[in-house]
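The following paragraphs are a guided reading of a two-chain model. Please keep the sequence and the coordinates in view while reading.

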Amino acid sequence: MNWKLSFRIALTHLVTKKKQSIIAMMGVTFGISMFIIMISFMTGVNQFLEDITMDNTPHVRIYKPIEIEDRKIISEAKAEGADDWHIVQHQKPKNDMPRIKNGLQLMGKVENMPEVLGVAPQVATQVFYNNGPVQIPGTINGIDIRKQVALFALDKKMDMGSLDDLLKGGDLIVMGRGLAEKMGVTTGDRVSVTTPEGNNLTLKVAGIFSYGVAAMDESRSYATLATVQKILQKDPSYITDLNVKLKDVNGAKAFKAKLENQIEDVYIEDWETANASIRAGDSIRSVLTLVVCLTLLTVAGFGIYNIMNMNIINKMKDIAILKATGFQGGDITAIFLIQSLMIGVLGGALGLIIGFFFSYLLSKAPFPAAAFFRIETFPVNFKLIHYMIGLLFGFCTTLIAGYFPSKRASKIDPVQIIRG
Amino acid sequence: MATILKADNIVKYFLEPEKFRVLKGVSFDVQQGEFLSIVGKSGCGKSTLLYILSTMDTDYEGQMEINGEVLTGKTQNELARFRNEHLGFVFQFHYLLPEFTALMNVMLPALRLGKYSKEEVEERAIQKLKLVEMDEYALKHASKLSGGQQQRVAIARALINDPAIIMGDEPTGNLDKTNSNKVFDIFKELAQENKQTIITVTHDMDFANGSDRIIEMQDGQVLDIRTPQ
């Protein structure tokens, strides 16, 4: 086979039928550019949603749930025989505390594991925020500020004040924006809170944060570990949660299984289980994107198939002549396949450029979001791999769409054509 | 002189619309450098015979050899290579590739053969075009040439690989007297000076009478082989 010659003939065919070639190319261009725009935007949305969730979601959370004990005291006092039944109705939990036993030591142990990026300790408690006679339920989370900033970028969520201000004294909190609005307070104001044990305290607002997630912004405050331990009247080793960030987000499930083998008496939750609905949304959007893109490319493929078929019918005489003068079946296949591939590669490349252009425009377009949503333009992802997949798809579609007509062309019997 | 083509008891059936014996055992030899005409009424099977001799039609019985090589039973690709190197064709309808220049049309079979470099092929093509007095139109697109001009370019194309045999299916069938005479003169010259063999199917009795030998066919059989007066 003489590829160079086949290429030359194919190129001449394409150039002399400019209009037809351009129309065939436009099908591919349209398919690929839509693919790029859709996939860039869809993955951008996924990324954005994942970011706002993952920013403040630990990959693995370790905590101690309060559970009703299965073991019954009465059965310890009196051995249970085959005929004896002890029935305890309306059993209540013990006055147990949601503390992790030896929390700080456990933290050190987990921090040294190779998969772990860092561990942030937390003391969480429910409180009532007293707004005059009205009580607003919420939480105060005691945090290690430096670790919280390093792992969860809390400093990026501050609207007013600064996290460092929390270190300047006791009884300081930063409050969620929604909560602060409900309370009618701002930086420097004091709020009164009531702990579950019934203690009343006055705390000073050192800053306002917002995540853009109403559930958090309307109920949560942050303070230092020491402040919350003081509110709860607990010792400095009292830790209720360990929030773990991993080096690999997707390793959470495996890491959870590993931890469960090594430590006891705590509950471990990975983020995928905790955010199952977000994961489901992600995969549904991905499937949707894929289906739309495949449809577009299939339509483009059929367009090429039709045009190549027509092209071959128009070129019957030429094919007969080429065969009569010594061109083999393979040469003919090559000539038409090359035409099809040139349409695919050129159309695909043009599609990538157009797709990039419109994705770029989209990424600069202002996003009409509520004020507290931390986003200004449409979320768009630019990833090389998407462009490579697009080009590969375009190439494969045209290869398949061009192959069958080309094969047909190679089987044309020159005698039939020449004799008329 | 050496025998260049040998047809031995060629039988051919048409299956459509019903089975019909077109050629009923045709045998003859052709010598190198001979200018041979095949004549006969429409439907006598002369064109069918020519396409079998040209190796394009492989669905026949009997045996055919060119240059001592038996071609019956070879694969399509082998035959294509053989045609490329040893056979040249001129058809009634000129069948140039309309997208290409006259020069490129002539060059294509030689580029396919790949025996010479591109520069050499181009030089040879211009030489062949000169032979048919078409060199001044070399860079014109084939679709812009007149019928007679196209036919002469087609002859140049048939000659590009210096084939042993040049076959023509009514090469003058679509041409006026002047152009017919030009084509005839070219064929005559090729046979006499280059010792290339010419086999043409024709209706044109003037053309046939100018050739070295005439095979007259009737109802799928050779009726008469004669040397014209």
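In chain B, strand E6 (residues 87–90) runs parallel to strand E7 (residues 165–169), and 4 bridges join them. Strands here are DSSP runs of type E with at least two residues, helices are runs of H or I with at least four, and both are numbered from the N terminus. The model is a predicted one, in which local features need pLDDT of at least 70 and side-chain atom pairs count only at pLDDT 80 or more, while totals for chains, interfaces and linings use all residues. Residues are numbered from 1 along each chain as its sequence is written, and chains are lettered from A and ligands numbered from 1 in the order in which they are written.

Within this pair of strands, B:Phe89 stands opposite B:Met167 of E7(B). B:Leu87 and B:Phe89 point one way from E6(B), whereas B:Gly88 and B:Val90 point the other way. In a regular strand, side chains alternate between the two faces of the sheet. All four of these E6(B) residues are buried; that is, 20 or more other C-beta atoms, placed from the backbone, lie within 10 Å of a residue's own (12 or fewer would make it exposed, and a count in between partly exposed).

The wider setting is an open sheet of 6 strands in chain B, ordered E6-E7-E8-E3-E9-E10, with mixed pairing. Two strands pair if DSSP finds at least two bridges between them. E6 and E10 (221–226) of chain B stand at the edges with a single partner strand each, so one side of each has no neighbour in the sheet.

Chain B also meets chain A: 23 residues of chain B are in contact with 19 residues of chain A, contact meaning that C-beta atoms placed from the backbone lie within 7 Å. Helices H1 (46–53), H2 (76–86) and H3 (102–113) of chain B are the elements that each give two or more residues to this side. H2(B) gives the most, with 6 residues.

In chain A, which residues of helix H5 (residues 145–152) are buried? They are A:Ile145, A:Gln148, A:Leu151 and A:Phe152. These residues lie on the same side of H5(A) because they cover an arc of only 145° around the axis, taken from the directions from the helix axis to the C-beta atoms. The buried residues of H5(A) pack against helix H2 (18–55) and strands E2 (116–131), E3 (134–143), E8 (220–224) and E9 (241–246) of chain A. After H5(A) comes A:Ala153, with a positive phi near 50°.

Definitions and conventions: Contact = placed C-beta atoms within 7 Å.
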